[in-house]
Amino acid sequence: MMRFSRWAVLAVALSLPGALLAQSKPWGIDPGRSTMKDVRSRIGMPSVIKFNAEGEEIWEYNNNPNGYHAYRIVFGADNVVKSARRMRMDADQLQIKPGMTSKELVEIMGEPSLIYFIRNRLYWEWRLHHFGNLRHRLVVEFDADYTLKSTALIGAHYRGSGSTHGYGGLTP
Amino acid sequence: MRSIRHVLAITLAIGAAALAGCAARPTGEAAIYGTPPQGGTMQEVRNRTGLPNAMRFLGSGEEVWEFNDRRVAWGAWRVVYERDGKVREIMPIRRPEDIAQVKAGGASAAEVLELLGEPGGVSFAGQDAVWEYCLPDRSRLKVRFGEGKRVAGVDS
């Protein structure tokens with residue numbers, strides 16, 4: 001029994017750096033070294049291509065509408081990866097505040113997984129992991145002036161949530 | 001006698017259906033670029049046309065939805081909304097006048113994205129990125145970017 005628990009501790013200890021590495025370097029994309037060509041060949045076509053205010057090219061992989069993983073990769077002028085990070089993380093969710101515009105929300109969370117209207121009110125929804133690896137849906141409601149009114153985080157495993165069998169999308 | 005009547009009725013029905021088909025054939029921009037997104041508000045566009053393929057924002061903050069269906073579509077459309085959710089403009093993209101502005105040494109990648117929308121494919125010639133588009137006239141366009149992410153070559 002003692003021997004088994006030692007092995008279990010060792011296995012967890014060995015897998016942790018790998019898991020952390022997967023978060024910080026999705027698909028082995030190494031900021032400062034990997035090029036746009038590397039990203040294209042390892043991950044494929046981005047879901048969205050955009051440019052930020054500094055003119056840097058951004059590739060987003062959002063696996064919408066069913067995916068729970070979303071990544072944003074920013075390239076410098078030399079087509080080398082400047083930063084690569086997972087979006088829709090707990091830290092991103094904490095930045096969401098009432099009164100925000102749709103533009104500000106997209107800058108933080110990326111494009112929503114779903115857009116819909118209920119009783120003439122606009123709702124956006126992102127599929128994401130909360131508290132580590134628990135699948136959730138973040139639903140935001142917009143006011144009549146199209147600014148953020150409220151947010152709700154719903155566990156994806158609630159009956160009737162409609163996303164219990166959702167395809168998780170690409171993972172690093 | 002009855003069979004002749006039947007044949008006549010069927011012939012007339014087929015003729016009427018063919019005429020109706022001709023009448024329903026899209027004209028104008030819809031014939032070139034495909035069916036445009038429908039609706040006068042964001043809610044109507046969402047309900048009738050569905051989720052956009054890409055979402056952008058103008059410098060002044062207005063929301064823009066792009067319907068392009070990437071690899072399969074030959075036409076692409078852009079819907080610009082007012083801040084209150086009303087549709088300001090529904091316009092086709094990848095028009096001849098848009099494509100004419102994409103010239104070697106001219107537009108930047110950001111400008112090409114604005115003119116032609118999301119590319120259907122991204123490949124590489126050496127380290128140069130090449131964006132590939134399907135055009136409404138069923139041809140394909142390849143835009144190669146060189147130094148400073150400016151257009152270095154256009155192939156169609």
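A residue counts as buried when its relative accessible area is under 20%. By that cut-off, 41% of the 156 residues of chain B are buried. In chain A, 48% of the 172 residues count as buried. The model is predicted, and the values below are computed from it.

Chain A has four helices and eight strands. Along the sequence, these elements run α-α-β-β-β-β-α-α-β-β-β-β. Chain B has five helices and eight strands. Its elements follow the order α-α-α-β-β-β-β-α-α-β-β-β-β. Contacts across long stretches of sequence were examined in each chain. In chain A, among contacts between residues at least 6 apart, 40% join residues at least 24 apart. In chain B, residues 24 or more positions apart make up 37% of the contacts with a separation of 6 or more.

In soluble globular proteins, nonpolar side chains tend to be buried together. The largest nonpolar core in this model has 32 residues. Those with the most contacts inside this core are A:V39, A:W59, A:I73, B:V112, B:W131 and B:Y133. Helix 5 of chain B, residues 109–116, gives the largest share of the core, five residues. Another core lies apart from this one and has 26 residues. Among them are A:I115, B:W65, B:V79 and B:Y81. Both cores thus have residues from chain A and chain B among those named.

A:I73 shows what surrounds one of these core residues. Neighbours within four places in sequence are left aside here. A:I73 is then in contact with A:V39, A:I43, A:E57, A:I58, A:W59, A:Y61, A:V81, A:S83 and A:A84. Of these partners, A:V39 and A:W59 are also listed among the core residues with the most contacts.

The interface comes next. The size of an interface is often given as the accessible area lost when the parts come together. Chain A and chain B bury about 2600 Å² between them. Carbon and sulfur atoms account for 61% of that area. The contact takes 32 residues from chain A and 34 residues from chain B. The rule finds one salt bridge across the interface. In a salt bridge, the side chain of A:E57 meets that of B:K149, with 3.0 Å from N to O. A:E57 is also one of the residues in contact with A:I73. Ten residue pairs are in polar contact across the interface, both residues at pLDDT 80 or more. Several elements of chain A give two or more residues to the side that touches chain B: helix 2 (36–43), strand 1 (48–51), strand 2, helix 4 (102–109), strand 5 and strand 6. By class, that side has 18 nonpolar, seven polar and seven charged residues.

Over all chains, the count comes to 19 salt bridges. A:E60 and A:R72 form one of them, at 2.8 Å from N to O. This pair links distant parts of the chain, with A:E60 in strand 2 and A:R72 in strand 3 of chain A, twelve residues apart. Both A:E60 and A:R72 are buried. In chain B, the side chains of B:E66 and B:R78 meet in a salt bridge at 3.4 Å. B:E66 is in strand 2 (residues 63–67) and B:R78 in strand 3 (residues 76–81), again twelve residues apart. Both B:E66 and B:R78 are buried. The salt bridge of A:D30 and A:R33 spans 3.7 Å. There, A:D30 is buried, with a relative accessible area of 19%, whereas A:R33 is exposed at 66%. A network of salt bridges links A:R121, A:E141, A:D143 and A:K149.

Some loops have backbone features to note. The peptide bond from A:N64 to A:P65 is cis, with omega near 5°. A:P65 is in the loop between strand 2 (57–61) and strand 3 (71–75) of chain A. Phi is positive in A:N120, near 65°. A:N120 lies in the loop between strand 5 (114–118) and strand 6 (121–130) of chain A. Its relative accessibility is 59%, so A:N120 counts as exposed. Phi of B:R138 is also positive, near 75°. B:R138 is in the loop between strand 6 (128–134) and strand 7 (140–145) of chain B. B:R138 counts as exposed because its relative accessibility is 56%.

Note on methods: Residues numbered from 1 in each chain as written. Chains lettered and ligands numbered in written order. Predicted model: local features only at pLDDT ≥ 70, side-chain atom pairs only at ≥ 80, totals over all residues. Heavy atoms only, no water. Core = buried A, V, L, I, M, F, W, Y, C linked by side-chain atoms within 4.5 Å. Buried < 20%, exposed > 50% of the residue type's maximum accessible area, 1.4 Å probe, protein only. Contact = heavy atoms within 4.5 Å. Buried area = accessible area lost by both parts, 1.4 Å probe. Salt bridge = Lys/Arg side-chain N within 4 Å of Asp/Glu carboxyl O. Polar contact = N/O pair within 3.5 Å; in protein donor to acceptor, adjacent residues only side chain to side chain. Nonpolar A, V, L, I, M, F, W, Y, C, P; charged D, E, K, R; others polar.
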